[in-house]
There are 2 protein chains.
Amino acid sequence: MSPRRADPRTRPALVDIAARLLAEEGPQALSTRRLATEADSSTMAVYTHFGGMSGLVREIVHEGFARLQRHLTHVRQTDDPVADMALLGRAYRHNALANPHLYAVMFGGASLAGFSLTEEDRQHGRYTLGNVVKCATRCFEAGRFRAEDAELVAHQMWSAIHGLVTLELGDYLIAPYDAERCFEAQLTALMISSGDDLDSAARSVALSKERMPLEVEG
Amino acid sequence: MSPRRADPRTRPALVDIAARLLAEEGPQALSTRRLATEADSSTMAVYTHFGGMSGLVREIVHEGFARLQRHLTHVRQTDDPVADMALLGRAYRHNALANPHLYAVMFGGASLAGFSLTEEDRQHGRYTLGNVVKCATRCFEAGRFRAEDAELVAHQMWSAIHGLVTLELGDYLIAPYDAERCFEAQLTALMISSGDDLDSAARSVALSKERMPLEVEG
DNA sequence: GCTTAAAACATATCGGCGTTATGTAATACT
DNA sequence: AGTATTACATAACGCCGATATGTTTTAAGC
């Protein structure tokens with residue numbers, strides 16, 4: 001009374017193929033039949049391994065959050081915590097722009113397609129705020145931010161930058177108020193509203209821009 | 001050589017039904033067959049009047065932007081332009097929460113389903129920024145905001161509040177950092193980053209909260 | 001080592017989707 | 001009155017997710 005073993009290659013293969021299809025062709029390329037074709041199997045594989053299409057999507061969303069987490073963790077701490085914070089914002093945006101379809105599914109897929117994320121799934125998203133919270137605390141300790149709730153500051157960063165990124169991905173930000181310009185302004189504004197000086201904020205944001213290509217990559 | 005006249009009731013009926021279905025049951029309830037059933041017609045009506053499902057969706061998105069525009073226009077000017085600005089933010093959020101599925105299609109539908117918005121469609125969205133730009137200018141003139149680019153300020157408001165609203169609609173904001181709390185903080189932070197005093201900003205935001213139920217309705 | 005239960009898959013099918021092809025009825029101009 | 005043109009109905013095509021029903025493989029129990 002023992003079951004047949006699954007081919008250990010099929011499950012990760014399905015995830016890989018699905019992630020590639022999502023990245024290259026968008027969400028409408030994610031179908032059981034397409035996956036079966038690309039994986040040289042039948043549509044049933046998706047059901048045995050993930051219980052359906054939404055299960056596979058959830059798996060990919062998990063990976064998306066993990067990738068975001070990795071991006072944020074790669075930002076090193078320096079003696080300018082405000083610049084570190086700005087770099088966290090840049091890393092967040094960089095990750096979203098590098099995986100636009102995935103990002104759309106992570107944050108917009110809940111209400112749109114049939115895909116509905118679990119509360120546990122969303123917890124993954126909130127977990128990535130930890131890096132930002134820690135950085136905000138360091139900004140307090142350095143006297144750069146008003147001593148307020150670090151988590152609240154993190155949520156403000158998240159909202160503002162997430163909003164900018166989604167507008168950017170939706171092509172709502174065009175010249176002369178393009179995403180680049182709005183983003184730089186947004187970063188500075190966030191630091192100012194958290195208590196930093198106008199000049200210090202501008203300096204730190206500029207500094208984070210120089211560190212950008214070195215510490216953030218896909 | 002003259003055509004048959006369309007029943008003048010069918011087209012608006014389709015839009016009404018579609019809007020209701022979207023609001024009550026979400027985007028997956030929008031299907032040609034479902035519409036045909038509800039309108040007691042055939043699936044062809046959608047094609048003759050809108051050229052397909054996406055055309056009908058675009059029509060509804062237009063209406064969504066018009067409704068948003070109406071909400072923002074109903075905010076009256078007072079002698080406290082910062083409170084007016086905060087009330088614009090409240091009206092924006094109120095509209096989004098009152099029509100969550102529609103809002104999701106307006107800003108997230110581009111990349112997700114098959115629906116793709118035209119550049120003209122997006123222009124409707126940007127047009128609603130006009131109210132905010134005007135209000136920002138009044139904040140400059142009142143000496144409450146640093147004299148900077150009014151359109152840039154409007155874009156920052158938009159990004160930040162849009163981001164908060166999408167996170168809220170995606171159930172990413174939960175207690176103790178729920179949407180209500182984050183939103184109030186976000187409003188104040190936006191006023192501060194634009195140049196207003198900490199205390200004045202808090203006062204104006206509080207003032208806007210009192211005006212809220214009177215001037216903003218669905 | 002055979003039996004057997006259970007899991008991994010394949011095949012076929014169902015209902016639903018957007019869309020298109022084809023047919024029919026109605027209208028307003030020539 | 002004739003006719004072109006459009007509105008709409010019906011039916012079909014090719015997708016989709018999902019399920020039901022085999023079929024094969026595996027490992028545990030005897």
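**Exercise 1. How many salt bridges does the rule find across the interface of chain B and chain A?** Describe the side of chain B that takes part in this interface as well.

*Solution.* Keep in mind from the start that this is a predicted model.

Step 1. Begin with the charged pairs: across the interface of chain B and chain A, the rule finds two salt bridges. Arg181(B) forms a salt bridge with Asp149(A), and the closest N and O atoms of this pair are 3.1 Å apart.

Step 2. Add the polar contacts, for which twelve residue pairs are counted between chain B and chain A, both residues being at pLDDT 80 or more.

Step 3. Ask which helices of chain B supply the residues: α6 (100–108), α7 (119–127), α9 (150–169) and α10 (179–193) of chain B each give at least two residues to the side that touches chain A. Of the elements on this side, α9(B) gives the most, with twelve residues.

Step 4. Sort the residues of this side of chain B by character, which yields 23 nonpolar, 17 polar and eight charged.

Step 5. Turn to the extent of the contact, remembering that the size of an interface is often given as the accessible area lost when the parts come together. Chain B and chain A bury about 4,000 Å² between them, with 64% of it on carbon and sulfur atoms, and the contact takes 48 residues from chain B and 48 residues from chain A.

**Exercise 2. Which residues come nearest to DNA strand D, and which elements give two or more residues to the surface near this strand?**

*Solution.*

Step 1. Look at the residues around the strand: of the 27 residues around DNA strand D, the nearest are Ser2(A), Arg33(A), Arg4(B), Ser42(B) and His49(B).

Step 2. Divide the residues of this surface by character, and you obtain ten nonpolar, ten polar and seven charged.

Step 3. Consider the strand itself, where 57% of the atoms within 4 Å of the protein belong to sugar or phosphate, while the rest belong to bases.

Step 4. Examine atom pairs that involve bases. A polar side-chain atom of Arg4(A) lies 3.2 Å from a base oxygen of DNA strand D, and a backbone N or O atom of Ser2(B) lies 3.0 Å from a base oxygen of this strand. In the case of Arg33(B), an N or O atom of the side chain is 3.4 Å from a base nitrogen of DNA strand D.

Step 5. Assign the surface to elements: α2 (32–39) and α3 (44–50) of chain A, together with α3 (44–50) of chain B, each give two or more residues. The largest share comes from α3(B), with three residues.

**Exercise 3. Which parts of chain A does the salt bridge of Glu180(A) and Arg93(A) link, and is Arg93(A) buried or exposed?**

*Solution.*

Step 1. A search of the whole structure finds 40 salt bridges over all chains, and in one of them Glu180(A) pairs with Arg93(A), the closest N and O atoms being 3.2 Å apart.

Step 2. Place both residues: Glu180(A) is in helix α10 (residues 179–193) of chain A and Arg93(A) is in helix α5 (residues 81–98) of chain A, so that the pair links distant parts of the chain, 87 residues apart.

Step 3. Compare the accessibilities with the cut-off, since buried means under 20% relative accessible area. Arg93(A) has 7% and is therefore buried, whereas Glu180(A), at 44%, counts as partly exposed.

**Exercise 4. Where do Glu59(B) and Arg11(B) lie, and what separates Glu63(B) and Arg67(B)?**

*Solution.*

Step 1. Glu59(B) forms a salt bridge with Arg11(B), with the closest N and O atoms 3.2 Å apart. Because Glu59(B) lies in helix α4 of chain B and Arg11(B) in helix α1 (residues 10–25) of chain B, the pair ties together parts that are 48 residues apart in sequence.

Step 2. The side chains of Glu63(B) and Arg67(B) also meet in a salt bridge, at 3.6 Å from N to O. These two residues are separated by about one helical turn, because they are four residues apart in helix α4 of chain B.

Step 3. Check the accessibilities of the second pair: Glu63(B) is partly exposed at 33%, and Arg67(B) is partly exposed at 22%.

Terms used: Residues numbered from 1 in each chain as written. Chains lettered and ligands numbered in written order. Predicted model: local features only at pLDDT ≥ 70, side-chain atom pairs only at ≥ 80, totals over all residues. Heavy atoms only, no water. Near = heavy atom within 4 Å. Polar contact = N/O pair within 3.5 Å; in protein donor to acceptor, adjacent residues only side chain to side chain. Nonpolar A, V, L, I, M, F, W, Y, C, P; charged D, E, K, R; others polar. Contact = heavy atoms within 4.5 Å. Buried area = accessible area lost by both parts, 1.4 Å probe. Salt bridge = Lys/Arg side-chain N within 4 Å of Asp/Glu carboxyl O. Buried < 20%, exposed > 50% of the residue type's maximum accessible area, 1.4 Å probe, protein only.
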